[in-house]
Amino acid sequence: TQTSHAVAGAAADKTSSPFLRACRREPVPHTPVWFMRQAGRSLPEYRKVREDIAMLDSCMRPDLVAEITLQPVRRHKVDAAIYFSDIVVPLKAIGVDLDIKPGVGPVVEKPIRTRADLERLRPLDPEDVSYVTEAVGILTRELGATPLIGFAGAPFTLASYLVEGGPSKNHERTKALMYGDPELWADLLDRLADITAAFLKVQIEAGANAVQLFDSWVGALAPDDYRRSVQPASRKVFGAVAGYGVPRIHFGVGTGELLGLMGEAGADVVGADWRVPVDEAARRVGPGKAIQGNLDPAVLFAPREAVERQAAHILQAARGLEGHIFNLGHGVLPDTDPQALTDLVAYVHEHSAR
Ligand code: CP3
């Protein structure tokens, strides 16, 4: 009775979709599946749309955002769409001088390292991102029964880009600030929490059916440091959107030791990468929360039988869980064969059908 295909124009019932049911830990007809970074360079139709337009410019064009968001839904028949944007879009919208450099990632012209620098992080006004409201409006109509996931970067991961000035392997300047000036660090994360919360609210109020908070690089921290220096800000974000009743997903890479604390921050669903099996992730997170994950995106470069073996292993480990959403353990890699993703969606649907 539940289809997850895009039905253009239909006022379809998203709330009973397998994805939202799994988020709420209700029984599902099959395990829902979507992929982080499902929109993007693995798709020829994406590369075509993006041919003459810079990444951040495309994020401000509601027609392009809607088209790019729909592409993987049409092609792969995934159970959810994720709004096409980037974690730095709200920072750009409040006037931070940054760009996304192809093959590199976000680069910040003047990094944030002093108390005076903090003043450049003014609150986000919904008017700053009116294109988001417009794009989400188009998408809720076009997606029919398929739910839309809104997202934002979590305070720690945003702070890392702002303090380092770009992508970083060791996060040394970020950690220098965190350990060296805890008060300034707390104020920085608190401001980012408000910006992030405002950005998620815009998406939810425009019609997003769930939100994911990406704390991609927080796995660089030990649990005590996470608890003291990051969790208060992430908790503030989740608390700010709790009243809407939409599922809140939390994810980071290499966060095996932080899964319990990340759930505690206020998530309804905790995402795990491939380093921790989903049943063990569920044990670490504790009862009352669903688990999302966790096929290693590099596995998709192996032959189909090997991909299916790994997927079967995850479905097997997830059997006893209250709620499981199949996903990768991190984003789709740019050179992934899109057919491998389409095949994987079909495999998960077929082999989890109840
Ligand atoms: O399909 C989706 O998942 C939605 C799109 C999405 C993008 N960025 C588009 C994008 C999402 C959810 C993000 C989030 C994001 N951005 C994160 C968190 C998720 C994660 O991967 O951990 C992070 C850390 C960023 C920062 C960022 N932006 C990086 C590391 C990069 C890649 C740099 C590169 O070129 O390899 C970007 C750029 C970016 N964001 C691209 C896309 C499709 C590639 C740019 C392009 O297509 O020209």
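## Reading this fold, feature by feature

Q: Let's start with one residue: where is the place of His171?
A: His171 lies in the loop between α8 (155-164) and α9 (172-180). Keep in mind that this is a predicted model.

Q: What is unusual about the phi of His171?
A: The sign is the thing to look at: phi is positive here, about 55°, although His171 is not a glycine.

Q: Is His171 buried or exposed?
A: To judge that, count the C-beta atoms around it; 20 or more others within 10 Å means buried. His171 has 20 other C-beta atoms within 10 Å, so the residue is buried.

Q: Which phi value does Arg37 have, and where is the residue placed?
A: Arg37 also isn't a glycine, yet its phi is positive at about 60°. Look for Arg37 in the loop between α1 (18-23) and α2 (44-49).

Q: Why does Arg37 count as partly exposed?
A: Same sort of count: Arg37 has 17 C-beta neighbours inside 10 Å, and partly exposed is the class between 12 or fewer (exposed) and 20 or more (buried).

Q: Now the sheet. How do I read strand order, and what is it here?
A: In general, strands of a sheet pair through backbone hydrogen bonds, either parallel or antiparallel. In this model, 7 strands make an open sheet, running β1-β4-β5-β6-β7-β8-β9, with parallel pairing. At the edges stand β1 (81-82) and β9 (324-328); each has a single partner strand, so one side of each lacks a neighbour in the sheet.

Q: How many bridges link β8 and β9, and which residue of β9 stands opposite Gln292?
A: The two strands pair in the parallel sense over 5 bridges. Opposite Gln292 you'll find Ile325 of β9.

Q: What is special about the peptide bond from Gly293 to Asn294?
A: Check omega: it is near -5° for this bond, which is cis. Asn294 belongs to strand β8 (residues 290-295).

Q: How many residues surround the ligand, and what are they like?
A: There are 22 around the ligand, and the closest are Ala39, Gly40, Gly105, Phe214 and Ser216. By type, the shell splits into 12 nonpolar, 6 polar and 4 charged residues.

Q: Which residues does UniProt list for the URO-D domain feature?
A: The unreviewed entry gives residues 32-41 and 149-165 under "domain: Uroporphyrinogen decarboxylase (URO-D)". For residues 32-41, the end C-alpha atoms are 23 Å apart, with 0% helix and 0% strand. Residues 149-165 are 59% helix and 29% strand, with their end C-alpha atoms 28 Å apart.

How values were computed
Residues are numbered from 1 along each chain as its sequence is written. This is a predicted model: local features need pLDDT of at least 70, side-chain atom pairs count only at pLDDT 80 or more; totals for chains, interfaces and linings use all residues. A residue is near a molecule or strand if its C-beta atom, placed from the backbone, lies within 6 Å of it. Ala, Val, Leu, Ile, Met, Phe, Trp, Tyr, Cys and Pro count as nonpolar, Asp, Glu, Lys and Arg as charged, and the others, Gly among them, as polar. UniProt positions are given in the numbering used here, feature names are shortened, and annotations may be inferred rather than shown by experiment. Helices (H or I, at least four residues) and strands (E, at least two) are DSSP runs, numbered from the N terminus. Two strands pair if DSSP finds at least two bridges between them.
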